[in-house]
Amino acid sequence: MLVLGIESSCDETGVALVQWEGLAMPELLSHALYSQIEMHQAFGGVVPELASRDHIRRVLPLTREVLEEGGRSLAEVDVVAYTRGPGLAGALLVGAGVACALGAALDRPVLGVHHLEGHLLSPFLSADPPEFPFVALLVSGGHTQLMRVDGVGRYALLGETIDDAAGEAFDKSAKLMGLGYPGGPALAKMAGQGDPKAYALPRPLLNSGNLDFSFAGLKTAVLVQAQRMVAAQIAIAAGEEPPTTQANGGSTAGFDALPMAQRCNLAASTQAAIVDVLVKKSMTALKETGLQRLVVAGGVGANRALRDQLNSTCAARGVRVHYPELHLCTDNGAMIAMAAAMRLQSGQQQASKTYAFDVRPRWPLDSL
Ligand code: KG4
Ligand code: ZN
């Protein structure tokens, strides 16, 4: 069976070919990605209408690319899969529309895939695939969830963020440090040169007794700390005593002119606060479920500090931890084709020739 997968839920157009035979693990033949990040950077975030228009431009050239790379023709595709949600409605409609048009033209069935299920199953494309059951830590730009995963389509929500996602905490903190969009990787780079203990930042809900997360308060604490640092710098430049508590009138303008070491220290302290919470809650989830296997997925799963801390904590507890390949942590078509293949292979779902597509911008994973 050959599946063509299309991802267009946000700011990356991804297309991929996955194939399998019988019960063998599906394998990735080829994948291609176009990131719109540069286009959205000028606006400090994703502009939905621009995202949709760009998906329209990229999706067919990327499809030709993966077919050529995979040495296959369009006529050989058995199923066309696309991201049905969650995501930006207009962006999702592009992938859904193209997938259904291709399906209708080729007389092949189509399958709408849950974007987070794609992330969740993406470690099955790695050299060290997990086995069911496991606890999954899903950490992306829009979601932060702990799930118990017993098999394809068997997902139970254990806890989730009650406000910002972990990726949002990275991105919003990075933005107020003048690091642009999406700031996660830039903040992580600076954090690598800083002292994670330099500033005491809150670890929200660390000891809440449940598996929920909250990152909005951390972002506010980072903002207040950044304002203090700017206010102190202004006072020092004016030959005055630096204020001990006073913030800089609500502004972080001038933060990027602070000494590099100070900026790196705040980045490192922010990253450490986020990572500490993610690691502690993951360990609690493993303890509560009695499982010995953890799967990390989503864009924040690319974070080096998170991986290092999870690796050492899991090793100390005899827990196996699995990640997607680094380049498949953020959005891509391979995970969509893979999730479709695994759903079809496991008999969880049938592809359909209805072509009357709809998209689900909001779609809880545990409702699958
Ligand atoms: O999974 P993803 O590509 O998109 C969503 O489905 O949301 O995740 C994107 C998120 C962004 O918030 C980005 O800043 C974050 O993942 N991210 C990182 C790193 N790489 C990507 N955050 C921290 N460290 C990284 N190395
Ligand atoms: Zn994603």
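**Chat: ligand 1 and some unusual backbone spots**

Reader: Which residues come nearest to ligand 1?

Author: This is a predicted model. In it, 18 residues surround ligand 1, and Gly141, Asp171, Gly299, Asn303 and Asp331 come nearest.

Reader: OK, and how far is ligand 1 from the side chain of His119?

Author: An N or O atom of that His119 side chain is 3.1 Å from an oxygen atom of ligand 1. Backbone atoms take part too. A polar one of Gly141 lies 2.7 Å from a ligand 1 oxygen. For Gly299, a backbone N or O atom is 3.0 Å from an oxygen of ligand 1.

Reader: How much of ligand 1 does the protein cover?

Author: On its own, ligand 1 has 550 Å² of accessible area, and the protein covers 86% of that.

Reader: Where does ligand 1 sit?

Author: In the largest pocket. Helices H4 (115-121), H5 (166-176) and H6 (184-191) each give two or more residues to the shell.

Reader: How do the shell residues divide?

Author: Into 5 nonpolar, 11 polar and 2 charged. Domain 1 (2-122 + 329-367) and domain 2 (131-323) each supply at least three residues of the shell.

Reader: New topic. Which residues does a cis peptide bond join?

Author: Gly85 and Pro86 are one pair, with omega about -15°. Pro86 is in the loop between strand E4 (79-85) and helix H3 (89-106). Phe132 and Pro133 are also joined by a cis bond, with omega about -5°. Pro133 lies between H4 and strand E6 (134-139), in a loop.

Reader: Why point those out?

Author: Because most peptide bonds are trans.

Reader: What about phi of Leu205, positive or negative?

Author: Positive, near 60°. Leu205 belongs to the loop between H6 and helix H7 (216-237).

How values were computed. Residues numbered from 1 in each chain as written. Chains lettered and ligands numbered in written order. Predicted model: local features only at pLDDT ≥ 70, side-chain atom pairs only at ≥ 80, totals over all residues. Heavy atoms only, no water. Near = heavy atom within 4 Å. Polar contact = N/O pair within 3.5 Å; in protein donor to acceptor, adjacent residues only side chain to side chain. Areas by Shrake-Rupley, 256 points an atom, 1.4 Å probe, with all protein chains shown as cover. 1 Å grid on protein atoms, 1.4 Å probe; cavity = no way out; pocket = protein on both sides within 12 Å on 5 of 7 lines; lining within 4 Å. Sits in = over half its atoms within 2 Å of the grid points. Helix = DSSP H or I, 4+ residues; strand = E, 2+ residues; numbered from the N terminus. Nonpolar A, V, L, I, M, F, W, Y, C, P; charged D, E, K, R; others polar. Domains from an automatic or database assignment.
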